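Welcome! Let's walk through this structure together, one piece at a time.

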Amino acid sequence: MAVAPTELKDLAVDLVRRAAVLVGNERTAAVTSVETKSTPTDPVTAADRAAEELVVEGLAAARPGDLVLGEEGGFRPVGKEAAPDAVRWLLDPIDGTVNFVYGIPAYAVSLAAEVDGVVVAGVVRNVVTGEEWTAVRGGGAWRDGTRLHGSSVTALGSALVGTGFGYAAQRRREQAEVLLRLLPEIRDIRRIGSAALDLCAAAEGRLDAFFERGLSPWDRAAGGLIAEEAGLLVTGLRGEPASDAMTLAAPPKIHAALHDALIAATPQR
């Protein structure tokens with residue numbers, strides 16, 4: 001029997017809350033044990049790994065036939081082997097690790113459940129503030145009991161837009177070129193340092209829109225569903241779905257304008 005998305009959401013909420021407590025408690029110790037991954041500016045801490053293992057162990061206890069794709073542990077079954085109807089969980093144990101290391105209060109635990117290639121439930125929790133965003137496909141997006149509806153902005157020139165930058169120097173250089181061309185077309189840019197929190201901010205109108213190149217599935221899965229259920233269009237460029245090539249989340253009234261401005265701002269190579 002297929003599991004209800006609300007049950008997956010409830011399990012995700014429980015695990016994310018437990019992981020957030022661990023991350024909060026471990027911060028002082030963890031920042032003395034920082035390694036790097038893809039580049040010297042891409043950190044991973046002991047808290048990242050501990051939080052991921054906590055969630056994986058919780059999934060293994062509750063749903064031992066499922067799969068998990070985690071930022072630190074890769075793709076794996078949570079039990080001995082995957083079931084034919086396995087749910088795939090997408091986990092970022094600390095989204096915003098640089099903020100975590102520096103003590104900037106914008107880092108989150110993000111967990112989403114995917115069934116047959118479609119994200120059906122997602123939870124993002126800000127470790128420092130305790131703010132928690134949830135969504136079930138078809139059931140709306142919520143923060144702490146309040147339903148979210150995104151920004152009501154209607155003109156791109158009035159839009160406050162969130163974005164982020166990659167860790168590799170060449171990627172950041174290319175992203176800076178895009179910003180140079182895009183900034184005159186919008187109100188301003190915000191760079192918070194956590195894509196999951198950016199997407200949630202866009203879902204409730206703290207940002208009018210968000211875009212970023214280079215997001216991995218675990219970066220965008222939960223936050224992307226939350227933004228979508230708040231009424232935003234979450235896409236890539238030129239008719240493509242959101243992907244590592246581009247994730248764009250914007251209210252329908254400015255989505256096309258921001259989409260076209262991003263295409264115009266992207267250097268042709």
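Just after helix 6 comes glycine 231, whose phi is positive, near 105 degrees. This is a predicted model, so let's look at how the helix before that glycine is drawn. Helix 6 covers residues 217–229, and at 1.5 Å a residue its 13 residues should span 18 Å; the C-alpha atoms at its ends are 18 Å apart, which agrees. Along the way there is a kink of about 30 degrees, centred on glycine 223.

Is helix 6 mostly covered or uncovered? It is mostly covered, with eleven of its 13 residues buried. Among them are Trp218, Asp219 and Arg220, as well as Gly223, at the centre of the kink.

Now turn to the sheet. Its eight strands form an open sheet in the order 4-3-5-6-7-8-9-10, with mixed pairing. Strand 4 (74–77) and strand 10 (146–147) stand at the edges with a single partner strand each, so one side of each has no neighbour in the sheet. Further in, strand 6 (residues 108–115) pairs with strand 7 (residues 118–126) in the antiparallel sense, over eight bridges. There, leucine 111 stands opposite valine 123 of strand 7.

Two helices can be placed against this sheet. Helix 5 (residues 195–204) packs on it, touching strands that include strand 6 and strand 7, and its direction makes about 100 degrees with that of strand 7. Helix 6 packs on the sheet too, with strand 3 (67–70) one of the strands it touches, and its direction makes about 95 degrees with that of strand 7.

Finally, how confident is the prediction? The chain averages a pLDDT of 92, and 93% of the residues score at least 70. Over residues 36–42, though, the pLDDT is below 50.

Conventions. Residues numbered from 1 in each chain as written. Predicted model: local features only at pLDDT ≥ 70, side-chain atom pairs only at ≥ 80, totals over all residues. Heavy atoms only, no water. Helix = DSSP H or I, 4+ residues; strand = E, 2+ residues; numbered from the N terminus. Expected span 1.5 Å × (residues − 1). Bend = angle between axes of the 7 residues up to and from the residue. Buried < 20%, exposed > 50% of the residue type's maximum accessible area, 1.4 Å probe, protein only. pLDDT = per-residue confidence, 0-100. Contact = heavy atoms within 4.5 Å. Pairing = 2+ DSSP bridges. Axes fitted to C-alpha atoms, helices over the stretch in contact; angles between N-to-C directions.
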